[in-house]
Amino acid sequence: MKTYDEKHIRNIVLLGAAKSGKTTLCETMLFEAGIIPRRGTVEEGNTVSDYHDVEHERGSSVYATCLHTEWRDYKINIIDTPGLEDFIGEIISSIRVCDTALLLLNAQYGVEVGTEQIWDYVDKYRKPTILAVNQLDAEQANFTRTVDEARRVFGPAVTIMQYPVNQGTGFNSVIDLLKMTMYRFPENGGKPEKLPIPDSEKEQAERLHNELVEKAAENDDTLMEQYFEKGSLDEDEMRQGLKIGMLKHQVFPVFCLSAIHNMGSGRLMGFIDNVAPAAIEMPPEQAEDGSAIPCDPAASPVLFVFKTLQEPHIGRLSFFKVLAGEIKAGVELYNEKGNTSERLNQLFITDGRNRQNTDVLRAGDIGCTLKLKNTLTNHTLSDKQSGKQVKPIDFPTPKVRVAIEATNKADDEKLGEVLAELHMEDPTLEIEYNRELKQVILHGQGDLHLALTKWRLENIYKMHVEYIPAKIPYRETIRKHATATYRHKKQSGGAGQFGEVFLTIEPYYEGMPPYKEHPVRDTDEIDLNWGGKLVFNNCIVGGSIDARFLPSILKGVMEKMQEGPLTGSYVRDIRVSVYDGKMHPVDSNDISFKIAGMMAFRDAFHQAAPQLLEPVFDIEISVPDMMSGDVMSELQSRRSIITGMDTQNNYQVIKARTPQAELDKLYAALRNVTQGKAKIKSVFAEYAPVPSDVQKKLSEEYKSAELVA
């Protein structure tokens, strides 16, 4: 295919809520440019973009898909993205590497919840943004309401470039305010007829045109001077001003579309060519060391891998953006994170599942290669001497979790390998092998995200798995002092086993007074791997227990602390003092005192007012004002303590402290009561006592399980 220079490449990420028409618009743009001979439909499952089986089954996008089109000597790279927060990783990585965000708004529904959530990331990366109001041919279409909502959410930068003459089921005409022309589309869409603006629309068109001129002028001092001198700007000057405004994140041009009827895509692509910035015009990428990586075609090559995908029968595909230099097929580059050199034997331009070979990709372009061995998402490939490492994509932390088991235990090892592969593709899916809970836990962005993972395991990897609730990593401690004695005696022919231990236990806290009940000879202060401390005092006098057996007693105590007496959870924050005991000259040995120490600790623990602790998280929920009451009711029903409230824009920010046992269910519940409008952040805060009724229930469940075992 034709090779384009850095000035004639545009990188567009197509964003919007589910069902806003992103995939249909992609299909229309490719058809209009002659890349495909006919347009497919989402309903028929034959679009270029949504080509995976799960997308056909769901009828919506699940993966970000790279496409391209060529329009009037420009190459436009397009990444079609999902519209649901569960697949936010696909969306964020696409936003990161594209130079312009094309945000679709459904004219029937205005700015939807999914759009607001996506906008947070567009705004974070300060991406130049184009708004396209789609489905203006729908019966309930309302362009004015949609623009008003856009201004409420996105701010005054929303700037009308076009408006519909006859929205609704008869939609076929728009007024273009840059060219001051009416476009009328034929019945089946395609190339429009250019007509003078009707008299009935002239007043509104002039008013909106003047607003557009002012918006273009206000972003540049030179243009503002020309505007004051002439009272207007010509078309080229307006384009220049709009581009400057887009780069400053102060102009979001609004276009009109009916993607399904191929109305408006050509004009939109023309604007992308002429006004949307190229990578070379964007602020340079940042390296991890804080240095800049300018989009310079003459520099040493640097490419950034933003997406990895394992395709059946093909292998690993690595999608990348060339940030600097020029990449040729067969080039060898160095990956510092993988500590390896990688040869890019083939370079591709992709359109969904279709790949076209290309010999060269220049700075600013997006491409794909096959079978890189040690290069994953967020890795940089560059000249070994330059050592450049691009600042990685910051993916959001998971919101829900579930434990996973292979139905066939013989598949356990294979399951681990496959899960590692899935995490490689999707960094927002985190895998935790939790020894404490004896579970493999998946952490994801939502129930749908986890459901997709299960679908892939069963349909692509042919592995049958089961999801079960993830356990809670409780902790156990005590609230008062207790004393216990345990004698271990066993005789079975020959040498026997004998050991007797007297000890006290008490709650430990920082700065507590020294132990005075018995003289202390030695103290071990142990920082436990699972948090908290064990302080172990040797108070033996008179040789009642030989000093060589004290480590065995400590080992027995530690073993019981790793499987607490109450629920089998880790024990923390206890001071143990061994003050007496008995030995046998023949039968005493390490194992005897280990068992005696363990059992004495267990008996004392049960007498010391055992307390079960649970992990508690600080959460912050941003929600529209009108829904804050429902959110607080939901929090209070889930043992949450509300710690504060604040106002941010049109949102209430509710802060609360919530037990992890409730957190897994809370996320889904809040999505329901707020129609998905709640934005939730959580961070671990502390371990706190559980209510007595919860402790009793969990303790009884543990005892029952022990009896069954």
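**A short tour, starting from leucine 309**

Hello everyone. Let's start at one residue: leucine 309, which sits in strand β14, the stretch covering residues 302-311. Please keep in mind that this is a predicted model.

Is leucine 309 buried or exposed? Its relative accessibility is 4%, and buried means under 20%, so leucine 309 counts as buried. Who are its contacts? Setting aside residues up to four places away in sequence, leucine 309 touches Tyr51, His52 and Tyr63, then Gly315, Arg316, Leu317 and Phe319, and also Glu425. For a sense of distance, take arginine 126: in sequence, 183 residues separate it from leucine 309, and in space the two C-alpha atoms are 27 Å apart.

Now let's step back to the whole chain. The domain assignment gives domain 1 (9-281), domain 2 (285-382), domain 3 (400-471), domain 4 (476-608) and domain 5 (614-693). How far apart are the C-alpha centres of domain 4 and domain 5? They lie 41 Å from each other.

Next, the nonpolar cores. The largest one has 108 residues, and the members that touch the most others are Leu15, Leu25, Leu102, Phe143, Phe154 and Phe306. Which element gives this core its largest share? That is α6, with six residues. Domain 1 (9-281) and domain 2 (285-382) each supply at least three residues to this core.

Phenylalanine 306 deserves a closer look. Not counting neighbours within four places in sequence, its contacts include Cys66, Ile79, Ser93 and Val97, as well as Phe319, Phe320 and Lys321. Ile366, Thr377 and Ile393 are in contact with phenylalanine 306 too. Apart from the largest core lies another, of 37 residues, including Ile540, Val571, Ala600 and Leu612.

My last stop is a sheet. Four strands make up an open sheet, in the order β7-β8-β9-β10, with antiparallel pairing. Why is one side of β7 and of β10 left without a neighbour in the sheet? Strands β7 (162-164) and β10 (193-195) stand at the edges and have a single partner strand each, so one side of each has no neighbour there. From one strand to the next, the twist averages 30°.

In the middle of that order, β8 (residues 173-176) and β9 (residues 181-184) pair in the antiparallel sense over four bridges. Across this pair, valine 174 stands opposite tyrosine 183 in β9. And here we meet α6 again: this helix, residues 199-217, packs on the sheet and touches β7 and β8. The direction of α6 makes about 150° with that of β7.

Thanks for listening!

Key:
Residues are numbered from 1 along each chain as its sequence is written. This is a predicted model: local features need pLDDT of at least 70, side-chain atom pairs count only at pLDDT 80 or more; totals for chains, interfaces and linings use all residues. Side-chain values use heavy atoms; hydrogens and water are left out. Two strands pair if DSSP finds at least two bridges between them. Helices (H or I, at least four residues) and strands (E, at least two) are DSSP runs, numbered from the N terminus. Axes are lines fitted to C-alpha atoms, for helices over the stretch in contact, and angles run from 0 to 180 degrees between N-to-C directions. Contact means heavy atoms within 4.5 Å. Domain bounds come from an automatic or database domain assignment. Buried means under 20% relative accessible area, exposed over 50%, partly exposed in between (1.4 Å probe, protein chains only). A nonpolar core is a set of buried Ala, Val, Leu, Ile, Met, Phe, Trp, Tyr and Cys residues joined through side-chain atoms within 4.5 Å.
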